[in-house]
Amino acid sequence: MLLLSVISSAVAPGLALLTFFYLKDKYDQEPLHMVLKVFLLGLLIVFPVMIIQRGLTLGLDSGPYIDSFLISSGVEECLKWFVLYHMIYNHTEFDEPYDGILYAVAISLGFATIENLMYAWYSQASLGSMFIRALLPVSGHAMFGVIMGYHMGRAKFMKGNRTRGILLVSLLLPWLWHGIYDFILSTTANYWIWFIVPLMAVLWYGGMGKVARANSRSPFRFLKREEEVNL
């Protein structure tokens, strides 16, 4: 029974956050099967991530900068971005800026959920530690997804020749924030909470602003208003 509770606590945060961001799509909600498909892709990329990270760990000298910015955040964010770009960016369902956020959050939370499950299984984690992980690593992955998806949405619907630059930003910014997050955890063993909590507050504040801005740029917002007027 305790094991079932711990496993449930490992899965619940990812699904709860995915539901939260799915409901934030104000004007043209995505097909649920597409969102779940991307979530499952996030589950699956854990395995190539682990293989690449293992190879880099064996081949490179370990250190907080290498571990945080290359082996951890670099590999994870690059693989998430790669899958999103090649499977979602040109998909017909990606038809408004907020869709970038939703799909990036979905793949990030899929990854975070299987990572959480593995942690709960192998470390025999307590409910208390799983609660902390829900507030920090899982929530952090969601915020990195918001950053990635927001800029990917900008690139998708931006007019002009800046698309490639914005696409690069959609990879570099989540990589940077993720690296900072991991660097804090690896270098401040005793006082990490004094740095992580403000960092998460900044990420959430900025993330919710990005959600609002992405929705405000939806081409469907005028159709929604016309429907409300007609009613």
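How many residues apart are E77 and K80 in helix α4, and what does that amount to in helical turns? Some notes on this predicted model, starting there.

1. **The E77–K80 pair.** E77 and K80 sit three residues apart in helix α4 (residues 64-87), so about one helical turn separates them. As a general point, an α-helix has 3.6 residues a turn, so residues three or four places apart point the same way. Here the two side chains meet in a salt bridge, with 3.1 Å from N to O. Both E77 and K80 are buried. If you go looking for others, the count under the rule used comes to one salt bridge.

2. **How far to trust it.** The chain has a mean pLDDT of 88, with 87% of its residues at 70 or more. Confidence is highest in α4, at 95, which is also the helix that holds E77 and K80. At the other end of the scale is helix α9 (residues 221-230), where the mean is lowest, at 56. Where pLDDT is low, the predicted coordinates should not be read in detail.

3. **E96 in its loop.** Have a look at E96, in the loop between α4 and α5 (97-123). Its relative accessibility is 0%, so E96 counts as buried. The E96 side chain makes a polar contact with the side chain of S218, at 2.5 Å.

4. **Helix α8, inside.** Helix α8 runs over residues 193-216. Its 24 residues, at 1.5 Å each, should span 34 Å, and the end C-alpha atoms are indeed 34 Å apart, so the two agree. The buried residues of α8 are I196, L199, M200, L203, G207, K210, V211, A214 and N215. Note that K210 and N215 are on that list alongside the likes of L199 and V211.

5. **Helix α8, outside.** W194 also belongs to α8, but with 67% relative accessibility it counts as exposed, because the cut-off for that is over 50%. W194 is part of a nonpolar surface patch with Y191, I193, F195 and V197. Together these residues have about 610 Å² of accessible area.

6. **Helix α2.** For the 13 residues of α2 (residues 32-44), 1.5 Å a residue gives an expected 18 Å; the end C-alpha atoms lie 19 Å apart, which agrees. Buried residues in α2 are M34, V35, V38, F39, L41, G42 and L43.

Definitions and conventions: Residues numbered from 1 in each chain as written. Predicted model: local features only at pLDDT ≥ 70, side-chain atom pairs only at ≥ 80, totals over all residues. Heavy atoms only, no water. Patch = residues over 30% accessible without salt bridge, like charges linked within 9 Å, V, L, I, M, F, W, Y side chains within 5 Å. Areas by Shrake-Rupley, 256 points an atom, 1.4 Å probe, with all protein chains shown as cover. Salt bridge = Lys/Arg side-chain N within 4 Å of Asp/Glu carboxyl O. Helix = DSSP H or I, 4+ residues; strand = E, 2+ residues; numbered from the N terminus. Buried < 20%, exposed > 50% of the residue type's maximum accessible area, 1.4 Å probe, protein only. pLDDT = per-residue confidence, 0-100. Expected span 1.5 Å × (residues − 1). Polar contact = N/O pair within 3.5 Å; in protein donor to acceptor, adjacent residues only side chain to side chain.
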